[in-house]
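I set aside some time to go through one structure and write down what I looked up. The entries are in the order in which I made them.

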Amino acid sequence: MKRFIYVCAFFLCLCSCSESKYIAEELERTQEIINDYPDSALHSLQAIVPGSIRKKSTKAHYGLLYSLALDKTGQTIDTDSMLRPAVNYFMRKGTNRQKFLSWYCLGRMEYSANNYQKATESYLKALEYQDLIDDPYLIGVCNFVLGELNLKQNNYQRALFYYQEAYENYQAANKTKHQVSAKTAIAAVYYMENDNDNALRDYREALNLSEQFGYEDFQVYCLRCLIGILSNKGVTNETYNYVGRFLQLSDDLSPNDYCVLGEYYLRINKPDSAEYYLNAAISANIGGPRENDAAAKILLAETYTMNADYRAAYSMQKECLALCDSIHLSYMNNSAAETELRYKNERLEFERYRSSVRQNVIYIIALVSVIAICGIIYIFRRRNKMQKQRIEEYLTLIEELNKTKLQPSWDGSTHSSSGSAPRAKRPFRSTCANIGSRAIRCSYSDRAASCRPGRTNASKPVF
């Protein structure tokens with residue numbers, strides 16, 4: 001029966017080892033194709049059952065590759081249970097690239113979950129390894145997202161810095177579409193800072209790049225922004241050229257497109273065309289963002305004023321003010337809801353941290369208690385051992401003394417002058433002991449006698 005159990009255990013171990021080897025080889029093949037064929041890589045990873053992975057290194061490798069495959073296929077990273085153990089493992093035993101990718105994927109996951117503070121921390125930790133790896137594209141993605149996060153906080157200078165870093169990394173990686181996106185983001189930051197000259201320069205560069213590489217969506221976006229800025233500055237000839245190109249590319253105009261065209265015709269003193277496009281913008285934005293309606297109604301009120309239709313302008317201004325108040329109130333409600341959600345998340349995070357600290361303290365106390373108990377047991381056993389050794393030494397000494405008493409003393413014998421029988425022999429040790437005790441008694445008696453009054457050393461008998 002035992003032999004059968006051993007054989008079964010051997011075959012189970014052999015099967016598990018072969019399965020782990022197969023999974024490791026599959027992960028290596030997936031890593032080679034994940035950049036060029038992310039869909040195939042994701043399909044291969046989904047065919048692996050995560051519960052069948054036993055080794056920590058293989059499990060961490062699987063979690064990282066699965067998160068990367070989700071990111072490269074445009075899906076949301078929701079692999080928290082697999083990604084965080086991978087981050088913890090690679091922070092201890094991973095290479096610089098694995099550490100960078102771990103923090104990068106964690107940042108993408110936190111950003112998708114609207115945890116912007118944690119996303120910022122993860123991306124900054126990822127960028128600590130940017131000089132140690134050779135992947136300008138992913139470094140550019142980190143910088144671009146950090147630019148967006150700073151832009152959400154109205155930190156324009158930091159956003160501009162990260163967008164420029166992203167543009168340079170995209171250019172080094174030869175990612176032209178991302179390069180155009182970073183350039184338009186830089187121009188948008190300049191426009192938010194009311195730096196129209198730099199904004200125009202970067203929008204023109206982005207327009208040239210998008211025309212060079214054939215990105216029509218970016219061309220429409222850049223033309224729309226250029227028309228808006230140049231219309232406000234009163235530039236007519238260049239704006240008219242951009243409007244013509246804009247109408248050629250835009251087959252289906254969006255509410256923003258109608259609004260831009262309405263503003264353009266309003267700035268060149270064509271209120272009828274402006275009114276047409278602005279009303280079209282309001283009609284096309286039904287069910288859309290209310291901010292677009294507010295922008296169109298502000299321009300429409302200005303158009304009515306230019307046409308001397310003051311009653312319609314007053315009515316439109318009232319509608320616009322009511323809409324702006326509603327938008328402001330919704331912003332406040334959303335900010336309050338976000339604050340409450342952030343508070344709940346921070347509270348939950350604090351509770352997790354406190355429970356982990358409590359658990360660590362319990363482990364430390366248990367460890368100290370075990371060490372103390374082991375020390376007490378060691379001291380007690382050592383003390384018993386020393387007592388046992390002393391007792392054995394005492395018993396050995398007693399046995400030696402007993403053996404010595406049983407041995408005969410001197411071989412020679414003395415006889416009395418009267419010819420009587422010889423004395424019994426005394427043991428040598430007992431004889432020496434008697435002599436020593438007598439000497440001690442004599443010395444003690446002499447000292448006592450010398451201390452008596454009237455006695456001197458001269459009266460001592462001399463031997």
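The notes below cover a helix pair, the cysteines, some aromatic rings and one loop residue.

**Entry 1: model.** I am working from a predicted model.

**Entry 2: helix pair.** I looked up how α5 and α7 are placed relative to each other. Helix α5 covers residues 96–112 and helix α7 covers residues 136–152. Their axes come within 11 Å, and I noted a crossing angle of roughly 35 degrees. The crossing of α5 past α7 is left-handed.

I then listed the residues in contact. From α5 I have Phe100, Leu101, Tyr104, Arg108 and Tyr111. Across from them, α7 contributes Leu138, Ile139, Val141, Cys142, Val145, Glu148, Leu149 and Lys152. Sorted by class, the residues of this contact are ten nonpolar and three charged, with no polar ones.

**Entry 3: cysteines.** How many disulfides does a search of the whole structure find? The count is zero. I checked two cysteines individually.

Cysteine 225 has the sulfur of cysteine 222 as its nearest cysteine sulfur, 6.7 Å away, and is in no disulfide. I needed the cut-off here: a disulfide requires the two sulfur atoms to be within 2.5 Å, so a separation of 6.7 Å does not qualify. Cysteine 225 counts as buried, at 17% relative accessibility.

Cysteine 320 is likewise in no disulfide; its nearest cysteine sulfur belongs to cysteine 324, at 4.0 Å. That distance also fails the 2.5 Å cut-off, so I left the pair out. I recorded cysteine 320 as buried, with 7% relative accessibility.

**Entry 4: aromatic rings.** I counted aromatic pairs over the structure and got 15. One of them joins tyrosine 276 and tyrosine 277, with ring centres 5.1 Å apart and 75 degrees between the planes. I filed this pair as edge-to-face.

Is tyrosine 276 buried or exposed? Tyrosine 276 counts as exposed because its relative accessibility is 55%, and the threshold is over 50%. Tyrosine 277 is buried, at 14% relative accessible area. Both tyrosines belong to one aromatic cluster, which I wrote down as Tyr258, Tyr264, Tyr265, Tyr276 and Tyr277.

**Entry 5: a loop residue.** I last looked up aspartate 134, which sits in the loop between α6 (116–127) and α7. With a relative accessible area of 73%, aspartate 134 is exposed. I also noted its separation from alanine 173: 39 residues in sequence, and 9.9 Å in space from C-alpha to C-alpha.

Methods: Residues numbered from 1 in each chain as written. Predicted model: local features only at pLDDT ≥ 70, side-chain atom pairs only at ≥ 80, totals over all residues. Heavy atoms only, no water. Axes fitted to C-alpha atoms, helices over the stretch in contact; angles between N-to-C directions. Helix = DSSP H or I, 4+ residues; strand = E, 2+ residues; numbered from the N terminus. Left-handed = near helix turned anticlockwise from the far one by under 90°. Contact = heavy atoms within 4.5 Å. Nonpolar A, V, L, I, M, F, W, Y, C, P; charged D, E, K, R; others polar. Buried < 20%, exposed > 50% of the residue type's maximum accessible area, 1.4 Å probe, protein only. Phe/Tyr/Trp six-rings, centres within 6.5 Å; stacked < 30°, edge-to-face > 60°.
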